[in-house]
Amino acid sequence: MLRRVWVLLVAGVVICTADAEPRVLVGVLSGPRHASRRALVREFVKPTILSSCLAERLDCDVRFLVGCAETHCARSLQGERDKHGDILLLRHHDTYGNSSGKFLSLFRYLRQHPPAPALIKIDDDVFVDGKLLMRRWVD
């Protein structure tokens with residue numbers, strides 16, 4: 001009997017294996033000062049992604065990945081985090097020139113919080129068709 005096994009590989013290192021459909025994290029890269037962009041994504045993109053995941057019977061979550069190395073930065077985002085519960089703070093200095101550091105911080109987080117989900121990355125300044133995104137991912 002054949003069975004499908006999912007493996008998430010990052011830089012040659014196995015991050016996650018699963019005998020069933022994996023959890024899916026749609027990570028939206030966002031900056032600490034991009035509250036208005038996150039609001040638009042929550043209103044227009046996130047609902048289509050979540051409804052598509054439900055239709056495909058996938059365990060799916062949409063999180064904003066925000067680099068925030070300083071204590072005052074984390075405090076400034078606390079109200080938004082409490083209200084929406086969808087911000088993942090990464091210990092990383094969030095600058096445009098240091099986006100690779102944000103990815104490394106994300107992978108460290110995924111390794112420290114098993115089971116690590118499969119990951120789809122989008123940006124907070126790009127509006128994607130959530131239904132099409134999830135359909136393409138499933139295919």
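Begin by selecting Asp86, which sits in the loop between helix 2 and strand 5. The model on display is predicted, and every value quoted on this tour is computed from it.

**Stop 1: Asp86**

Is Asp86 buried or exposed? Its relative accessibility is 1%, and because buried means under 20%, Asp86 counts as buried. Display the side chains of Asp86 and Lys46 together: a polar contact of 3.1 Å joins them. Next, show the wider surroundings of Asp86. Setting aside neighbours within four places in sequence, Asp86 is in contact with Arg42, Lys46, Val62, Arg63 and Phe64. Lys46 therefore appears both in this set of contacts and as the polar partner of Asp86, while the burial of Asp86 stands at 1%.

**Stop 2: the whole chain**

Zoom out and colour the model by secondary structure. The chain contains 4 helices and 6 strands. In what order do they follow one another along the sequence? The pattern reads β-β-β-α-β-α-β-α-β-α.

Switch to a surface representation. The chain exposes about 8800 Å², of which carbon and sulfur atoms supply 53%. Of its 139 residues, 36% count as buried. For a view of the contacts, consider pairs of residues at least 6 apart in sequence: 60% of these contacts join residues at least 24 apart.

**Stop 3: Ser52 in helix 1**

Select helix 1, residues 35-55, and locate Ser52 within it. Ser52 has a relative accessibility of 8% and so counts as buried. Which backbone atom does the side chain of Ser52 reach? Draw a distance to the backbone oxygen of Thr48, where the separation is 2.8 Å. Then add Gly130, Lys131 and Met134 to the selection; Ser52 is in contact with these residues when neighbours within four places in sequence are left aside.

**Stop 4: the largest pocket**

Rolling a probe the size of a water molecule over the atoms shows where empty space is left. The largest pocket holds about 350 Å³ of space. It is lined by 19 residues, and those closest to its centre are Leu29, His34, Asp94, Tyr96 and Lys102. Select these five to place the view on the pocket. Three elements give two or more residues to this lining: strand 3 (24-30), helix 3 (99-112) and strand 6 (118-123). Which of the elements supplies the largest share? Helix 3 does, with 3 residues. Colour the lining by residue class to find 4 nonpolar, 7 polar and 8 charged residues.

**Stop 5: Asp123 in strand 6**

Keep strand 6 in view and select Asp123, which is found there. Asp123 is partly exposed, with a relative accessible area of 26%. Where are its partners from farther along the chain? Not counting residues up to four places away in sequence, Asp123 touches Val28 and Leu29. A C-alpha to C-alpha distance drawn from Asp123 to Val28 gives 5.1 Å, for two residues 95 apart in sequence. Leu29 also belongs to the residues closest to the centre of the largest pocket.

**Stop 6: the second largest pocket**

Move to the second largest pocket, whose volume is about 270 Å³. Its lining consists of 12 residues, with Leu89, Leu90, Arg91, Tyr109 and Gln112 nearest the centre. Helix 2 (71-84), strand 5 (87-90) and helix 3 are the elements that give two or more residues to it. Here too the largest share comes from helix 3, with 4 residues. By class, this lining has 6 nonpolar, 3 polar and 3 charged residues.

**Stop 7: two residues of helix 3**

Finish on helix 3. Select Arg108, whose place is in this helix. At 48% relative accessibility, Arg108 counts as partly exposed. Draw a C-alpha to C-alpha distance from Arg108 to Arg91: the two are 17 residues apart in sequence and 9.9 Å apart in space. Arg91 is one of the residues nearest the centre of the second largest pocket.

Finally, select Phe107, also placed in helix 3. How exposed is Phe107? Its relative accessible area of 24% makes it partly exposed. The C-alpha atoms of Phe107 and Leu119 are separated by 9.8 Å, with their positions 12 residues apart along the chain as the sequence offset.

How values were computed
Residues numbered from 1 in each chain as written. Predicted model: local features only at pLDDT ≥ 70, side-chain atom pairs only at ≥ 80, totals over all residues. Heavy atoms only, no water. 1 Å grid on protein atoms, 1.4 Å probe; cavity = no way out; pocket = protein on both sides within 12 Å on 5 of 7 lines; lining within 4 Å. Points joined across faces, edges and corners; volume = space filled by probe spheres on them. Nonpolar A, V, L, I, M, F, W, Y, C, P; charged D, E, K, R; others polar. Buried < 20%, exposed > 50% of the residue type's maximum accessible area, 1.4 Å probe, protein only. Contact = heavy atoms within 4.5 Å. Areas by Shrake-Rupley, 256 points an atom, 1.4 Å probe, with all protein chains shown as cover. Polar contact = N/O pair within 3.5 Å; in protein donor to acceptor, adjacent residues only side chain to side chain.
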